[in-house]
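Grab your viewer and a cup of coffee. Here are a few exercises, each with a worked solution to check yourself against.

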Amino acid sequence: MRAALLNAYGEPPEIGDVELPEAGSGQVPVTVELAGLNPVDIAIASGKFDAGAPQLPYTPGLEGIGLTPGGERVWFDVPVLPVGSFSERCLIDPSRAIAVPDGTAPAEAIPFGVAGLAAWLGLEWRGQLQPGEKVLVLGAGGTVGQIAVQAARLLGAGTVVAATRSARGRERALQLGADAAVSTETDSVSELADRIRQASDGGPDLVLDGLWGAPAEAALAAIAFGGRLVQVGNSAGTQATLTAGPLRGGTVSILGHRNFYAPLQVQTEAFRTMCSHSGEGRLDVDVEVFPLEQVADAWELQQRSPGRKLALAP
Ligand SMILES: NC(=O)c1ccc[n+]([C@@H]2O[C@H](COP(=O)([O-])OP(=O)(O)OC[C@H]3O[C@@H](n4cnc5c(N)ncnc54)[C@H](OP(=O)(O)O)[C@@H]3O)[C@@H](O)[C@H]2O)c1
C-alpha cells in the first residue's frame, strides 16, 4: 500500500510502498481517511524526541481519523509502528480510539485530536480553569493556541489574552474572541512581562504555554498570586531560566501536560464536546488538506507554523 516513509532522521518523508503487518493481539487495522500533521511528528522524526526515536525506516503520523473493520469512524492516536497514520491503512489499539460523532466530517474533527486536546485538557483538566479567571495563551497563532483562545472563553474564562509572534496571529486571536493580544517579539523578558501584566490587568491566573523559552519566563514573571502555567509545548525553545523566589512567593505551579496521560474518558468527553461546539459554530479552526503524495510539502509548511491545521488524505 502507499505510505509516507521516513528514511533518515531530520529529513522529510517520501512516498513509498509499505506492507501492513498482521494485526497482533489487541490491534485492529483501520482505513485512514485523514491523518493529522503535528509538530510532534517532526520532533519524533528528528531522532531527538524525549520519548525516543523509532527505528528507520518508518511511516510517521501520530493521529488520524479512520474506519474500523466494523465501519465505525474513529479518531485514533499512537498507531502501531512501523506504520503510522500517513498511510492508507495502519494498526491501532481500538480501546484507545474515540468514536467521531455522527455528522462531524473528518476534516472538521481532526483539529480536535492532538491539538485540540492539548488546548482543552490543558485548560480544563490539567489547569483546572475556574469561571472568571484570566487566561494567557502563549503561542496563540498556532492550532493549539487558536483552539485554546476559544476554549478558554467556552470554559468560562473572564479575560483571555493571546500572545503571538506574528501580527497575523494576533489579528486572528482577536477575531476568535481574545480580549487582548500581545506580541512576543522582544529581546527583553521584563518588557514582555509588562505587556502581559498590562493586557491581563495585573497578571494571568492560568497560562496555557505552547512555547517555553523567554515567553514562559515572562509569563511566570507576570503571573498572578497562586497562578498555574500548563506546559504543553516548546516551540520557542527547550530551555528557560527561572528565578526561584517569585515562584515560592507567588505560590506558582508549573504543570507539565501530555495528552497521552489523560484518562480515555476525559479525552473522549473533551473531543466530543469540541466537535459539538464546532458543529454549532462556536469553535472555528482552519484546516488545509494535502493529498498524501504531497507529504513533503505539508511537512515543510508545518515547520513554519502556518497558522492552520494541516492534514493528509491518503
Ligand atoms: N503536550 C501535548 O500533548 C501536545 C499536544 C499538541 C501539541 N503540543 C505542542 O504544542 C505546541 C503548539 O502546537 P501547534 O500544533 O499549535 O503548533 P503550531 O501550529 O506550529 O503553532 C506553534 C506556535 O508557536 C509559535 N512559535 C513557533 N516558533 C516560535 C518561536 N521561536 N518563538 C515564539 N513563538 C514561536 C508560532 O507563532 P506565530 O503563529 O505567531 O508565528 C505558533 O503560534 C507544539 O510545541 C506542540 O509540539 C503538545
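The exercises below go through a predicted model, so keep that in mind as you work.

**Exercise 1. Work out how the protein is divided, and how far apart the domain centres are.**

Step 1: start with the bounds. Domain 1 takes in 2–99 + 284–313, while domain 2 runs over 122–260.
Step 2: take the centres over C-alpha atoms; they are separated by 29 Å.
Step 3: look at the contacts across the two. Here 13 residues of domain 1 touch 11 residues of domain 2.

**Exercise 2. Describe the shell around the ligand and find polar partners for the ligand's oxygen atoms.**

Step 1: count the shell. There are 23 residues around the ligand, and the closest are Gly142, Val144, Val232, His257 and Ser305.
Step 2: sort the shell by class, which gives 7 nonpolar, 14 polar and 2 charged residues.
Step 3: ask where the shell comes from. Domain 1 and domain 2 each supply at least three residues.
Step 4: go through the polar pairs. The side chain of Gln302 puts an N or O atom 3.0 Å from a ligand oxygen. Ser235 has a polar side-chain atom 3.1 Å from an oxygen of the ligand. With Gly139, a polar backbone atom is the partner, at 3.4 Å from a ligand oxygen.
Step 5: check the cover. On its own the ligand has 930 Å² of accessible area, and the protein covers 85% of that.
Step 6: name the elements that give two or more residues to the shell: α3 (114–126) and α4 (143–154).

**Exercise 3. Is Gln267 buried or exposed, and what does its side chain reach?**

Step 1: place the residue. Gln267 sits in helix α9, residues 264–279.
Step 2: apply the cut-off. Gln267 has a relative accessible area of 2%, and buried means under 20%, so Gln267 is buried.
Step 3: follow the side chain of Gln267, which gets to the backbone oxygen of Asn259 at 3.1 Å.
Step 4: list contacts, skipping residues up to four places away in sequence. Gln267 touches several residues, among them Trp75, Leu117 and Phe260.

**Exercise 4. Which residue shares a side-chain polar contact with Gln231?**

Step 1: find Gln231 in strand β12, residues 228–231.
Step 2: look for the polar pair. The side chains of Gln231 and Asp209 are joined by a polar contact of 2.9 Å.
Step 3: check the burial of Gln231, which is buried at 17% relative accessible area.
Step 4: widen the view beyond four places in sequence, and the contacts of Gln231 include Trp212, Leu255 and His257.

**Exercise 5. Asp201 and Trp212 have positive phi values without being glycines; say which is buried and which is exposed.**

Step 1: read the angles. Phi is about 50 degrees in Asp201 and near 60 degrees in Trp212.
Step 2: place them. Asp201 belongs to the loop between α6 (189–199) and β11 (206–209), and Trp212 to the loop between β11 and α7 (213–222).
Step 3: compare accessibility. Asp201 is exposed at 67%, whereas Trp212 is buried at 14%.

**Exercise 6. Find where the chain has cis peptide bonds before Pro57 and Pro82.**

Step 1: Leu56 and Pro57 are joined by a cis bond with omega about -10 degrees, and Pro57 is in the loop between α1 (39–45) and β4 (63–67).
Step 2: from Leu81 to Pro82 the bond is also cis, with omega near 20 degrees. Pro82 is in the loop between β5 (73–77) and β6.

Technical notes. Residues are numbered from 1 along each chain as its sequence is written. This is a predicted model: local features need pLDDT of at least 70, side-chain atom pairs count only at pLDDT 80 or more; totals for chains, interfaces and linings use all residues. Side-chain values use heavy atoms; hydrogens and water are left out. A residue is near a molecule or strand if one of its heavy atoms lies within 4 Å of it. A polar contact is a pair of N or O atoms within 3.5 Å; within protein, one must be able to donate a hydrogen and the other to accept it, and residues adjacent in sequence count only if both atoms are side-chain atoms. Accessible areas come from the Shrake-Rupley method with a 1.4 Å probe; for residues, only the protein chains shown count as cover. Helices (H or I, at least four residues) and strands (E, at least two) are DSSP runs, numbered from the N terminus. Ala, Val, Leu, Ile, Met, Phe, Trp, Tyr, Cys and Pro count as nonpolar, Asp, Glu, Lys and Arg as charged, and the others, Gly among them, as polar. Domain bounds come from an automatic or database domain assignment. Buried means under 20% relative accessible area, exposed over 50%, partly exposed in between (1.4 Å probe, protein chains only). Contact means heavy atoms within 4.5 Å.
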